[in-house]
Protein chains: 2
Amino acid sequence: MKWWGWGDPERRLELSEGAIAALRSEVGEAEPEQRASLESVAIPAPRPLPPAIAEAVGAGAVLDGHEHRVRRAAGRSYPDLVRLRAGRLADAPDAVVLPGNEGELARVLEICGREGIGVVPFGGGTSVVGGVEPLRGAFERLITLDLRRLQGVEVDQTSMTATMGPGLRGPEAEEMLAAQGFTLGHFPQSFEYATIGGFAAARSAGQASSGYGRFDELVTSLRLTSPVGTLSTLKTPHTAAGPSLRELALGSEGALGVITQITARVRRVPERRRYDAWMAADFTSGADIVRTLAQSQSLPDVIRVSDEAETRTSLGMSGTGAGKRALLGGYLRVRRRDHGSIVICGWEGEPEAVERRRSIGNRILRSGGAAALGSAPGRAWERGRYDGPYLRDELMDLGYLVETLETSHEWSELRHLYEEVRAAINAALASQGTHGLVTCHLSHAYPDGASLYFTFIAARRPGAELEQWRAAKSAASEAIVEAGGTITHHHGVGRDHVPYMRAEIGELGIDALRAVKERLDPAGIMNPGKLVP
Amino acid sequence: MKWWGWGDPERRLELSEGAIAALRSEVGEAEPEQRASLESVAIPAPRPLPPAIAEAVGAGAVLDGHEHRVRRAAGRSYPDLVRLRAGRLADAPDAVVLPGNEGELARVLEICGREGIGVVPFGGGTSVVGGVEPLRGAFERLITLDLRRLQGVEVDQTSMTATMGPGLRGPEAEEMLAAQGFTLGHFPQSFEYATIGGFAAARSAGQASSGYGRFDELVTSLRLTSPVGTLSTLKTPHTAAGPSLRELALGSEGALGVITQITARVRRVPERRRYDAWMAADFTSGADIVRTLAQSQSLPDVIRVSDEAETRTSLGMSGTGAGKRALLGGYLRVRRRDHGSIVICGWEGEPEAVERRRSIGNRILRSGGAAALGSAPGRAWERGRYDGPYLRDELMDLGYLVETLETSHEWSELRHLYEEVRAAINAALASQGTHGLVTCHLSHAYPDGASLYFTFIAARRPGAELEQWRAAKSAASEAIVEAGGTITHHHGVGRDHVPYMRAEIGELGIDALRAVKERLDPAGIMNPGKLVP
């Protein structure tokens, strides 16, 4: 991964001249950025750690070189990238420690608890909410605990479950499962770099979550190692033995301990995958179609509806030539619609089941007034499903702010939430003297509601990027809270959402989480400054 | 409800002469029981309560008459009924307090916390694991908090959710929902008396849980009032904002506070209901069929497979003449099978969807070697779905011990678990000098596993009923723990399963629960002696 951005440094998704022109006409000119060099990134000198840590994991598994530390000093949010590109990091971990197994990891946590050393668990480092930021809190010393050596996949073919190490990246896990004919079906945009442990710790939701379930729904049992011991849940499909401790570990974001083992349901690799695009009359009718699909148990495995602005942007600024042509081709056939909303439906599974389900879904789409755009733009969407963060790098190179945020609500409140958040972001960007492009799609649908995923773009304010970002992020977050939505449907809490946890779970909810944290992590070393205010 | 048993005192399900003869040939003669009269039940005199409680709820909402106290002194487990019938209760609450709203309830908890008065929350009183037993713990005074006045149903037709009070009984909630065209689809055997609050607090699973979801899966948000305040989760379909506090309140069994409001997903009342019976070659092949259905996302809404012993018993001792005739009629047509396993499949929903799903399911059943018994025995099962506890009263009148218990495990371990538990119960009953009939069915199926529900019957040991019961229950529980199953799939922990919580969640898991309890219930007044060791 690029140290200053996303993905393979050799891979670029250059925007076409036309796309850049369309962008400029939407949000104005921007001042291109200069990136700092890796060597020029200034971070504090590492503070020495007790030798017991290197003794626990082996000297080769404690890294304190400049690049190792810089690479674990930030996640992949917009403000993270602003700081990395500028070469201005507030801090970095004193060392990166890579335990080779659960026993070594437990020993490191025990030492850090005793010595008062902060610990930031680190999987793929893809957090977009500051989840891996090296905040020291009350501690002088801080390590990043890189989990990449905790790998391994064991499949129970009869029960169709896989027991996995937290350090496996998405593609690594899928490759090992595919060798036995299985898949998790979990494909978030961060799939190429994010890890199994991160999926669980941050309650990830993949693009096919409507069909396969969110990651927290796939997990049947887990082990969480805290500084005082290991919590382990039974490998059974369900239990009524009290409150769910599995659901306490899921979403704990490294603040209670480290998830060291995950057992999750797997499915057979789908024989058929059909991705179709449709054009709904507008965002409201697109959302109504998804509600009907969800409430009649007829959801596709992948569902998303772009609002009018995202639809227009996809058509005008698509990064992949083929996808754009495919979309435009379909669009032209239904161009009587001026303000359409693109709907993507993905169907996966056994051929017969796919065709049966798809035919029921298509009937509902047509009843809702959607027009078929064919499967070419659907396949184009599928090909570009991980492109978002690559495009962000291109846009940042051109001098643009690009950020995404997400929420969810019940169907009856969703339109209000949508309008309030959009208005709040627009107003905040205007207050910074910039004109924003705010787009949104609805995805992760449920019978009772859905998530909304916003993207906003504006010309950056050179030298005041973080202030500009903060204004928009705060305004959006406050609008979400005001409208009763959740502060996050699948990005997690990290550092950025901590101020909204009171609105989310109340003072007593925070007290309850604190009580658990104090018991499992009495010294408070686990991921300081995250999750709990 | 009968004070000494289950259901309407006017309703009896008398066993036929033939059924009694069949039973005697299985487990031998038993000595019929004499029941004590209500007046003769000896309970300690009520201890006086601070007047502040009556001031909080109104004098009419504090009941301390003999019958009120006896009726809240026990749940509906076999040992509960043994004690009630014998008129030998260890204790009873000092009073029954009925708060009229959440504010009154909060005030009562606050007073009890300050004064050191134990509180047992009480919905339908149907616990079969000692969940409402009036254990005083360290407290001299103890009240039962009867939630029946906390009613009310509010439906969000767009989001298809219903916000409900915890005191509603199953039929009351269904009637109010049906008036608007909706259903929860939650029908446990205790449906007629159990409450919405109890379903949530004890993680109930209904007979149609494979289709509609368990109750904990239906709940989208809730309020829990503890002695120090109220915890409330957002009404959104999902959040990734940290560990799930909803999943901490679900299953809390009154030990953390009282669930005072529940929002749950509802469905449209099904237009069509098709209940079919099939005969699988044996229990193993029946279980394989269910696994195939579950792993291909083709489960019926209701699924259960009786083992050979339960199948034989259903045919030989069916309590309802029509059901028996229907079953036997079907059976005779396939009587070439000596050791068959009855499979019940229930399909509910829109007619087209029901027929489509049913046809896919039937194909899998046939491929698995099952023979169709037609819909008459399926409908008979449906008519008799709440009969279990009525039959227990009849069997206890005749002098028999009747108990049920349940667990779950992954498919790869299910047969081993089944054999071990059955052997353990048989051996324990033999050690008591009695010959047991142990039957089992598989239900609540998942892609990764299923639950097993055991029923056992033996002639009681007059005067030593509890000792005999304890021997069988302990042996079964230890066998479950040994085989790695969960101590309960849907009955909950209550008092009876507390000793097995260490095996279930480990010492650190118990510590984590204790930490939460100490924060929400610092005086430890909530449901003493339950849930947490």
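# A walk through a two-chain model

In strand β15 of chain B, B:A372 is the bridge partner of B:W278. This pair belongs to a predicted model, and it is a convenient place to start. The two strands involved are β12(B) and β15 (residues 371-374) of chain B, which are joined by three bridges and pair in the antiparallel sense.

Strand β12(B) also pairs with β14 (residues 341-349) of chain B, again antiparallel, and here there are nine bridges. One position to look for is B:D276, which stands opposite B:C345 in β14(B). How much of β12 (residues 272-280) of chain B is covered? Seven of its nine residues are buried, so the strand is mostly covered. When looking at the side chains, keep one rule in mind: in a regular strand they alternate between the two faces of the sheet.

Another strand pair in chain B is simpler to trace. Strand β8 (residues 219-226) and β9(B) run antiparallel and are joined by four bridges. They form a hairpin, with two residues between the strands. Across this hairpin, B:S226 stands opposite B:G229 in β9(B).

Following the chain beyond β9 of chain B leads into the loop between β9 and α10, where B:L245 is found. Is B:L245 buried or exposed? It counts as buried, because it has 28 C-beta neighbours inside 10 Å, and 20 or more are enough for that label. Leaving aside residues up to four places away in sequence, B:L245 touches B:L231 and B:T233, and also A:I505, A:G509 and A:A512. The loop residue B:L245 therefore has contacts in both chains. By contrast, B:L245 and B:E420 lie 36 Å apart, C-alpha to C-alpha, with their places 175 residues apart in the sequence.

The contacts of B:L245 lead to the interface between the chains. There, 69 residues of chain B are in contact with 68 residues of chain A. Several elements of chain B give two or more residues to this side, among them β9 (229-232), α10 (246-249), β16 (400-410) and α17 (411-431). Which element gives the most? It is α19(B), with 14 residues. By type, the residues on this side of chain B divide into 26 nonpolar, 31 polar and twelve charged.

How are the two chains related in space? Chain B can be laid on chain A by a turn of 180° and a shift of 0.0 Å along the axis, with an RMSD of 0.0 Å. This is the relation of a two-fold axis. The same surface serves both copies, since 99% of the contact residues of chain B recur in chain A. To find the axis in the model, look for B:A515, whose C-alpha comes closest to it among the residues of chain B, at 2.7 Å.

Next comes a helix of chain B. Helix α18 (residues 465-482) has 18 residues and reaches 26 Å from its first C-alpha to its last, close to the 26 Å expected at 1.5 Å a residue. Its buried residues include B:W469, B:A472, B:K473, B:A476 and B:I480. An α-helix has 3.6 residues a turn, so residues three or four places apart point the same way. What covers the buried residues of α18(B) includes α4 (78-86), β16, α17 and β18 of chain B. Just after α18(B), B:G484 takes a positive phi of about 80°.

A shorter stretch of chain B, helix α7 (residues 196-201), contains B:I196. B:I196 is buried because 32 other C-beta atoms lie within 10 Å. Beyond its neighbours in sequence up to four places away, B:I196 touches B:M164, B:G165, B:P166, B:L168, B:A173 and B:I262. The C-alpha atoms of B:I196 and B:G124 are separated by 9.1 Å, although the two residues are 72 places apart along the chain.

The last stop is in chain A, where four strands form an open sheet in the order β1-β2-β4-β3, with mixed pairing. Strands β1 (62-63) and β3 (117-122) of chain A stand at the edges; each has a single partner strand, so one side of each is left without a neighbour in the sheet. The partner of β3(A) is β4 (residues 141-146) of chain A, and the two pair in the parallel sense over six bridges. Within that pairing, A:P121 has A:L145 as its bridge partner in β4(A). Helix α5 (residues 102-115) of chain A packs on this sheet, touching β2 (95-97), β3 and β4 of chain A, and its direction makes about 145° with that of β3(A).

Methods:
Residues are numbered from 1 along each chain as its sequence is written. Chains are lettered from A and ligands numbered from 1 in the order in which they are written. This is a predicted model: local features need pLDDT of at least 70, side-chain atom pairs count only at pLDDT 80 or more; totals for chains, interfaces and linings use all residues. Two residues are in contact if their C-beta atoms, placed from the backbone, lie within 7 Å. Ala, Val, Leu, Ile, Met, Phe, Trp, Tyr, Cys and Pro count as nonpolar, Asp, Glu, Lys and Arg as charged, and the others, Gly among them, as polar. Copies are superposed by least squares on the C-alpha atoms of residues with pLDDT of at least 70 in both. Two strands pair if DSSP finds at least two bridges between them. Axes are lines fitted to C-alpha atoms, for helices over the stretch in contact, and angles run from 0 to 180 degrees between N-to-C directions. The expected span of a helix is 1.5 Å times one less than its number of residues. A residue is buried if 20 or more other C-beta atoms lie within 10 Å of its own, exposed if 12 or fewer, and partly exposed in between; C-beta atoms are placed from the backbone.
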